[in-house]
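These are my notebook entries on helix packing and charged pairs. I begin with the structure itself and then record each point as I looked it up.

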Number of protein chains: 2
Amino acid sequence: MLSINLTSVKLVNMRKTKEEAQKTKEKILTGALDCFSEQGYFNTSLDEIAKRAAVTRGAIYWHFKNKPEIFDALHGLLHEPFIQLILEDLEHDTEEPISQLKLLCIKLLNNLDENKTKTRIMKLFFECDYSGHLAQFKKTHQDKKLNSLKLFEQYFERAIQRKQLNPKTDPQILTLTLHCFLKGLLFEYLSGLELINIKKDGTKLINQFFEGLNQCHKAKP
Amino acid sequence: MLSINLTSVKLVNMRKTKEEAQKTKEKILTGALDCFSEQGYFNTSLDEIAKRAAVTRGAIYWHFKNKPEIFDALHGLLHEPFIQLILEDLEHDTEEPISQLKLLCIKLLNNLDENKTKTRIMKLFFECDYSGHLAQFKKTHQDKKLNSLKLFEQYFERAIQRKQLNPKTDPQILTLTLHCFLKGLLFEYLSGLELINIKKDGTKLINQFFEGLNQCHKAKP
DNA sequence: TTGACAACATACATCCATGTATGTATAATT
DNA sequence: AATTATACATACATGGATGTATGTTGTCAA
């Protein structure tokens with residue numbers, strides 16, 4: 001005669017406290033980031049995320065509407081502290097805004113390099129294509145990016161006020177040039193190729209950019 | 001009694017000549033590019049590509065092994081003429097290699113801006129994440145990129161030979177700096193934001209980069 | 001203390017994309 | 001002229017992902 005020991009049946013389905021719920025939400029986010037980093041956004045199913053976070057898809061659908069919402073949540077995790085760092089730096093009004101900006105750039109790079117989670121999130125947003133279900137976030141995320149651009153512009157405006165810039169130079173073009181350089185630098189750094197080592201070359205590259213190439217001609221005999 | 005007029009049955013299934021087959025292959029590629037540009041690589045099915053190219057999935061599976069192979073074929077279409085342009089330019093050994101390089105950059109940008117197909121293919125490869133089934137091409141495509149980087153380096157080496165560069169400057173860092181800037185510039189240009197207008201600002205941005213930011217300090221009273 | 005609801009787990013239905021197998025008519029080959 | 005391989009179209013089988021509906025249990029508020 002078969003007997004089943006009912007006490008051995010796992011009762012997995014018990015409600016968690018608010019704090020525990022918050023923890024599972026975070027577990028889902030880090031699990032999602034793990035998956036996205038390894039296989040890309042479009043190649044990970046909600047089931048894989050669930051397994052990585054040691055929950056079920058039910059938990060995911062409880063905390064998030066769908067996969068795109070997880071994507072957006074990760075974006076917020078990266079962008080807000082980033083903006084904060086620039087805003088704090090802008091509070092100091094030094095005598096040489098451009099040198100200050102140079103130091104900020106180096107600081108931002110090192111800050112990114114030291115935080116693996118930030119690196120992975122940023123990599124995610126550099127590589128993803130905002131198409132299909134992600135299209136809804138394209139504009140929002142780009143607007144946020146534009147805001148950080150506007151922040152950089154303030155350094156150049158201060159430099160103009162202090163007459164440290166040639167009046168001919170266009171601050172908009174300056175900001176764009178810097179933005180393009182930083183973007184490309186990050187893109188290359190995040191690409192997975194070991195082409196750029198921030199610890200080793202980060203400062204050199206920033207310095208080289210701020211010095212420009214024409215400078216070199218001065219070495220002519 | 002039912003009668004079927006057999007003469008009215010479309011005989012769609014007729015073999016094409018070699019040239020016609022080549023044309024359908026091209027139709028598939030342009031159809032795929034259309035779809036990828038609009039909805040992204042991962043969000044387009046082979047069926048959508050087939051419809052866009054006015055063929056069936058059968059035709060696609062005849063000409064290509066699968067979707068990743070289409071992706072790779074598009075890459076070849078962009079990269080080869082690009083390399084060719086640089087190689088041709090390198091054949092001219094002018095007296096000011098850095099100015100020559102500057103002009104080449106401007107030329108490359110304008111060349112890209114004038115060819116919508118090239119723009120769309122490049123956009124595709126900037127935005128895609130080489131994960132999942134595309135992982136197999138990551139290394140190959142990156143190696144090709146590294147080769148073009150090596151080509152840029154030659155301009156700086158020539159400048160060194162002509163003693164037009166400060167001996168302190170590291171040509172590797174120079175190449176990397178330029179590469180990062182161009183990459184970021186293209187990235188921003190291709191991002192879909194109208195932040196960068198090549199016709200209007202392309203030359204300005206390149207010039208600004210080659211002049212550098214430190215130059216501006218010379219305007220101090 | 002007792003509903004009511006939160007926080008999930010489980011089960012189910014549906015759809016869609018992929019790959020392959022098969023059919024077929026014509027161009028190329030002999 | 002007969003044969004064969006090409007250049008597809010069509011049909012089928014499969015799996016996997018999504019979303020939703022429903023079940024379960026503990027928590028918290030009244």
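**Entry 1. Helix 7 and helix 8 of chain A**

In this predicted model, I first looked up how helix 7 (residues 135–161) of chain A packs with helix 8 (residues 171–190) of chain A. I found an angle of about 125 degrees between them, and their axes are 9 Å apart. Helix 7 of chain A is therefore oblique to helix 8 of chain A. I noted the crossing of helix 7 of chain A with helix 8 of chain A as right-handed.

I then listed the residues that meet. From helix 7 of chain A these are A:Lys145, A:Leu149, A:Phe152, A:Glu153, A:Phe156 and A:Ile160. On the side of helix 8 of chain A, I recorded A:Pro171, A:Gln172, A:Leu174, A:Thr175, A:Leu178, A:His179, A:Leu182 and A:Lys183. Sorted by class, this contact has eight nonpolar, three polar and three charged residues.

**Entry 2. A:His179**

I followed one residue of that contact further. A:His179 is placed in helix 8 of chain A. Is A:His179 buried or exposed? Its relative accessibility is 9%, so I entered A:His179 as buried. Leaving aside residues up to four places away in sequence, A:His179 touches A:Leu149 and B:Glu188.

**Entry 3. Helix 1 and helix 6 of chain B**

I turned to chain B and looked up helix 1 (residues 18–39) of chain B against helix 6 (residues 116–127) of chain B. Their axes come within 10 Å and cross at roughly 60 degrees. Helix 1 of chain B is therefore oblique to helix 6 of chain B. Here I noted a left-handed crossing.

Which residues meet in this pair of helices? B:Leu33, B:Asp34, B:Phe36 and B:Ser37 in helix 1 of chain B meet B:Thr117, B:Arg120, B:Ile121 and B:Leu124 in helix 6 of chain B. I divided the residues of this contact into four nonpolar, two polar and two charged.

**Entry 4. Salt bridges around A:Asp34**

I searched the whole structure for salt bridges and found 26 over all chains. I looked up several of them in chain A.

A:Arg52 forms a salt bridge with A:Asp34, with the closest N and O atoms 3.8 Å apart. A:Arg52 is in helix 2 (residues 46–52) of chain A and A:Asp34 is in helix 1 (residues 18–39) of chain A, 18 residues apart. I entered A:Arg52 as partly exposed because its relative accessibility is 37%. A:Asp34, at 22% relative accessibility, also counts as partly exposed.

A:Asp34 forms a salt bridge with A:Arg120 as well, the closest N and O atoms being 2.7 Å apart. A:Arg120 lies in helix 6 (residues 116–127) of chain A and A:Asp34 in helix 1 of chain A, so this pair ties together parts 86 residues apart in sequence. A:Arg120 counts as partly exposed, at 28% relative accessibility.

**Entry 5. A:Asp93 with A:Arg158, and a network**

I looked up A:Asp93 next and found a salt bridge with A:Arg158, the closest N and O atoms being 3.8 Å apart. A:Asp93 lies in the loop between helix 4 (67–91) and helix 5 (97–114) of chain A, and A:Arg158 lies in helix 7 of chain A, so the pair ties together parts 65 residues apart in sequence. Relative accessibility is 15% for A:Arg158, which means that it counts as buried.

Finally, I traced salt bridges that share partners. They join A:Asp34, A:Glu38, A:Arg52 and A:Arg120 into one network.

Note on methods:
Residues numbered from 1 in each chain as written. Chains lettered and ligands numbered in written order. Predicted model: local features only at pLDDT ≥ 70, side-chain atom pairs only at ≥ 80, totals over all residues. Heavy atoms only, no water. Axes fitted to C-alpha atoms, helices over the stretch in contact; angles between N-to-C directions. Helix = DSSP H or I, 4+ residues; strand = E, 2+ residues; numbered from the N terminus. Parallel < 35°, antiparallel > 145°, perpendicular 65-115°, else oblique. Left-handed = near helix turned anticlockwise from the far one by under 90°. Contact = heavy atoms within 4.5 Å. Nonpolar A, V, L, I, M, F, W, Y, C, P; charged D, E, K, R; others polar. Salt bridge = Lys/Arg side-chain N within 4 Å of Asp/Glu carboxyl O. Buried < 20%, exposed > 50% of the residue type's maximum accessible area, 1.4 Å probe, protein only.
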